[in-house]
Amino acid sequence: MQPDGFARLNRFHTGYRVGRVDDARHFSGGPFIELDNGHDFYAAQTLLAADGRRLLWAWLDMWESPMPSKAHHWCGMLGLPRELELRDERLHSFPARELTALRQQALPIETATCSDGHRRLPELAGDLLELEVRLDLAGCSQGRLGLALRCSEDGAEQTLLYYDARLHRLVLDRDRSGAGVDGQRSAALPRGSSGSSCACSSIARPSRCSPPMAASASAAASIHAPTASACACSPRPTTVV
C-alpha cells in the first residue's frame, strides 16, 4: 500500500477492517485502517485473556528498516501488551492493565511553565519510567508544545514528542534520535481537543527537552491513532520545551 498523506508511511503495514463474515465465509466491511501510527509496529499477534479481554503484542522493528539492536545481537523487541476494544466501528488500544503492577514510587511534578521556551526537569531520572503527561492546549494556536526525550548532554541527540498546533496532530520526531533511525509519525487529535488538554501515557527512560515543547519523558515507540492519548514509549535524560 502506498503512503497517503500522514498514513501508511512505513514499509509494511499492520491494520484492520471492521465488517461481517456471512455463512459462506465472505467478508464485507469497511476500509483498511492502520492499527498504529508509529514507526515500528509489525507482525502483531493477539490472544484472549481469561476474563475475555483481547490482548495484543507487536514486534517493535520491521524488515528492511534500520535495526540498531542488531549491534547487540538482537532483532528488535516485543512491545508492551495492549488491550483492544471496538468502539463505534473503530478499534482502540490501551496499555494492558497488568502493567500497573510494575509501578513503584510516584514522582509527581507540578505544572511546568517555560519563560524562555524550554525547561529542564532534572528530578526525572532513572532507568525506566512510566510518564503521564498532560498538555494544556488552551491558547495554543501556533507552534509546538511537548517534550524532548532521550537527549544527549550536548543536545545533539533527542527524540521529540509534541503537539503541532498548525497540523492539530500529535507528532513523534526521530530525526535527531541517533542510532541510524529517523523520520516523523503523527496522529490526529480527536475533534474538540483544541483549546483543552491532551493526555499522554508513556513507558520510557528520561531525557532532556528543547525549544518546541513542554513537559518530560523519553523516546516513544508508537503512537496510537484511535486514542491519540495513549503512547507506548521507550527509554535516556529529560527537559520541558
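**Note on Arg185 and the aromatic contacts**

1. The backbone oxygen of Leu9 and a polar atom of the Arg185 side chain lie 3.5 Å apart. The model is predicted, and this distance should be read as a computed value from that model.

2. Arg185 belongs to strand β14, which spans residues 184-188. Is this residue buried or exposed? Arg185 is buried, because its relative accessible area of 14% falls under the 20% cut-off.

3. Arg185 also comes together with a residue distant in sequence: Gly38 is 147 residues away along the chain, yet the two C-alpha atoms are 5.6 Å apart in space.

4. A second arginine, Arg169, has its charged end over the ring of Phe6. The distance from that charged end to the ring centre is 4.0 Å.

5. How many aromatic pairs are there? With ring centres required to lie within 6.5 Å, the count is three. One of them joins Tyr42 and Trp59, with 5.9 Å between the centres and 45° between the planes, and is classed as tilted. This pair links distant parts of the chain, with Tyr42 in strand β5 (residues 42-48) and Trp59 in strand β6 (residues 54-59), 17 residues apart.

6. Trp59 is buried, because its relative accessible area is 13% and the cut-off is under 20%.

7. Which residues do the ring pairs link into a cluster? The cluster consists of Phe12, Tyr42, Trp59 and Trp63. Tyr42 and Trp59 are thus members of this cluster as well as partners in the tilted pair described above.

Terms used:
Residues are numbered from 1 along each chain as its sequence is written. This is a predicted model: local features need pLDDT of at least 70, side-chain atom pairs count only at pLDDT 80 or more; totals for chains, interfaces and linings use all residues. Side-chain values use heavy atoms; hydrogens and water are left out. Helices (H or I, at least four residues) and strands (E, at least two) are DSSP runs, numbered from the N terminus. Buried means under 20% relative accessible area, exposed over 50%, partly exposed in between (1.4 Å probe, protein chains only). A polar contact is a pair of N or O atoms within 3.5 Å; within protein, one must be able to donate a hydrogen and the other to accept it, and residues adjacent in sequence count only if both atoms are side-chain atoms. Rings of Phe, Tyr and Trp (its six-membered ring) pair if their centres lie within 6.5 Å; planes under 30 degrees apart count as stacked, over 60 as edge-to-face and the rest as tilted. A charge sits over a ring if NZ of Lys or CZ of Arg is within 6 Å of the ring centre and within 35 degrees of the ring normal.
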